[in-house]
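Grab a pencil and open the viewer. Here are a few exercises on helices and how they pack, each with a worked solution.

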Amino acid sequence: MAKKRGSKGNALVAKKPKADKEEKRQVVEAVEEKILEHHEIAELAEKVTKDRKYNGLVPLIDEYQIIEKKLLKEGDQSFDKHARLLTEKLTKCFEVLILSSVMEETKDEKKKLIASWVRDKYDKFRARLCWFVNTRLPFQASVQLDAVDSYLALLEAETTKHGEFPVAMYQELVIALLASDIGCNRPDGRSDNYVVQAFLALLCDDRNLQLNLFQDSLADKLVEWQSLERPTRDKIFANYFELIKDGLGPDDEESTSPDDLTDDLKAKFQKCFLAWVRLPDLSAAQYKLILNSMDYSILPYLSTPSSMMDFLTDSFDQEEDEVVHLLVIKSLWQLMKDYNLEYPDFYNKLYSLLTPNLLYIRYRARFFRQLDLFLSSTHLSANLVASFIKRLARLALSAPAPGVVILFPFIYNLLKRHPTCMIMLQNLEGRNNPDYKDPFDNKETNPQKTGALGSSLWELETLQSHYHPNIATLARIFGEPFRKPSYNMEDFLDWTYASLLDSEEKRRYKGLAALEYEEWETLFGQDNAFMEGWKLR
């Protein structure tokens with residue numbers, strides 16, 4: 001029994017060193033996680049910039065380890081302000097160090113050693129800034145936006161000091177932005193990454209940022225990212241799209257136009273673009289984003305825009321989604337107009353888009369703007385234009401009311417622009433010939449062979465009895481002399497059922513509205529208006 005008690009006592013004694021070790025570890029962690037006060041951060045930064053005591057950089061940069069833990073794991077928002085102050089002070093420190101040539105190569109061994117040590121801290125600081133840009137926190141931290149501003153401030157200091165833009169350093173930020181996990185992807189394939197959006201606002205105002213955005217190193221990184229998991233690739237795709245969706249900035253004096261790019265820069269843009277679109281397993285929404293921005297933010301910046309011809313034609317031929325066809329057609333037109341590419345089937349493809357579904361899709365207004373442009377030439381054959389007029393009139397019979405509002409002024413403008421087609425309004429052959437058969441073939445896919453010019457626009461007369469009074473009134477313009485030069489299509493493209501009802505509600509009538517077909521002198525008439533057996537007391 002004594003031996004047994006002794007072994008138990010030994011076990012208790014043996015546990016004490018473990019408890020002591022655990023206490024020591026907790027004490028060490030508490031010491032390691034000691035947060036610098038704001039005045040301490042300011043003092044250390046001042047010693048670095050004024051007294052050249054570069055050792056102060058060590059505790060300042062190490063402070064990020066505690067901040068990152070508090071922000072990422074614990075979601076402590078109070079540390080956001082602390083991180084912003086630290087980032088601001090360190091940015092000013094390194095700006096001073098850059099401009100004072102502390103990190104420059106020199107023959108002096110002592111200065112060379114100091115420069116190497118400070119450059120190491122500089123690299124670590126930039127890595128911390130990229131971490132904030134790249135990492136998703138439990139809340140929207142202002143320090144993440146400050147990280148972008150600080151990084152750009154360092155780029156500006158480097159440019160001022162060396163007289164040239166530090167492209168390699170800038171690409172570190174670009175890669176961090178593209179791989180950023182902040183925000184969520186929308187159903188349409190775009191991103192709500194607020195850090196990328198903040199950078200985009202700065203990108204539009206700085207030519208150096210625009211001209212050096214696309215480099216071979218970025219293209220290589222995009223190729224490397226093709227092996228990542230699907231959710232990560234979708235983030236990269238969305239972030240990249242946000243950067244190029246408006247070209248290289250809005251259309252103003254501060255932005256970079258395609259003419260400002262050298263052939264070398266256009267080649268780099270094209271290399272990056274091709275690597276981006278080759279990300280595996282693009283969704284239908286992502287595919288539409290590419291096509292939607294192709295004509296204004298991609299084609300003008302490519303070194304060889306004609307290389308997109310096969311991609312666009314294959315998209316039109318292979319995709320069954322009508323929206324894809326509508327998005328492709330504008331880019332094909334631009335390649336024909338600006339780059340002299342031949343595409344004989346263009347008007348055949350355009351004619352095939354005129355289906356009943358066209359008037360129900362979200363891109364309806366955009367398509368009719370483009371169609372007005374495509375049919376604007378007075379050198380088009382009468383047979384071709386007549387086919388488009390006849391097909392549009394036929395669509396109007398089954399179109400929703402807002403769609404019909406678009407079709408009438410559009411047909412009117414085509415008839416004014418191509419007077420040869422006026423015969424379709426006053427085709428007397430069918431009226432005088434009882435055996436007349438409409439020669440229009442609605443199933444013919446070639447607009448040159450539909451026989452529309454020998455037909456008539458009886459659909460327009462039918463629509464003069466449309467159930468909606470506004471549309472019936474609008475249809476009557478075809479029965480009157482064409483005195484108006486043309487209609488402004490922008491006044492008709494955005495009508496909806498809501499706007500039609502609203503216009504009817506606000507419409508002022510000249511006379512009183514009829515509420516009863518028969519007038520009564522009294523409320524219930526002269527005789528008893530109640531059922532037999534009932535009377536009013």
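UniProt positions are in the numbering used here, with feature names shortened, and annotations may be inferred rather than shown by experiment. Residues count from 1 along each chain as its sequence is written, and side-chain values use heavy atoms, with hydrogens and water left out. The model is predicted: local features need pLDDT of at least 70, side-chain atom pairs count only at pLDDT 80 or more, and totals for chains, interfaces and linings use all residues.

**Exercise 1.** Find the span that UniProt lists as "transmembrane region" and work out how much of that span is helix.

*Solution.* Start with the record: the unreviewed entry gives residues 395-415. Next, check the secondary structure, where helices (H or I, at least four residues) and strands (E, at least two) are DSSP runs numbered from the N terminus. Residues 395-415 come out as 81% helix and 0% strand. Last, the C-alpha atoms at the two ends of this span sit 17 Å apart.

**Exercise 2.** Compare the reach of helix α6 with its expected span.

*Solution.* Count first: α6 covers residues 142-162, so 21 residues, and the expected span is 1.5 Å times one less than the number of residues. That gives 30 Å expected, and the reach from first C-alpha to last is 31 Å, close to it. Then look just past the end: Gly 163 follows α6 with a positive phi, near 80°.

**Exercise 3.** Describe how α3 packs on α5.

*Solution.* Take the axes (lines fitted to C-alpha atoms, for helices over the stretch in contact, with angles from 0 to 180 degrees between N-to-C directions). For α3 (residues 57-72) and α5 (residues 109-134), they come within 10 Å and cross at roughly 20°. The two helices α3 and α5 are therefore roughly parallel (angles under 35 degrees). Now list contacts (heavy atoms within 4.5 Å): among them, Ile 61 and Tyr 64 of α3, and Trp 117 and Phe 125 of α5. Sorted by class, the α3–α5 contact has twelve nonpolar, one polar and four charged residues (Ala, Val, Leu, Ile, Met, Phe, Trp, Tyr, Cys and Pro are nonpolar; Asp, Glu, Lys and Arg charged; the others, Gly among them, polar).

**Exercise 4.** Do the same job for α10 and α12.

*Solution.* Angle first: α10 (residues 216-225) and α12 (residues 263-277) pack at about 10°, axes 8 Å apart. So α10 and α12 are roughly parallel. The contact includes Leu 218 and Leu 222 of α10 with Cys 272 and Trp 276 of α12. Its class tally is seven nonpolar, no polar and four charged residues.

How values were computed:
Angles under 35 degrees count as roughly parallel, over 145 as roughly antiparallel, 65 to 115 as roughly perpendicular and the rest as oblique. The expected span of a helix is 1.5 Å times one less than its number of residues.
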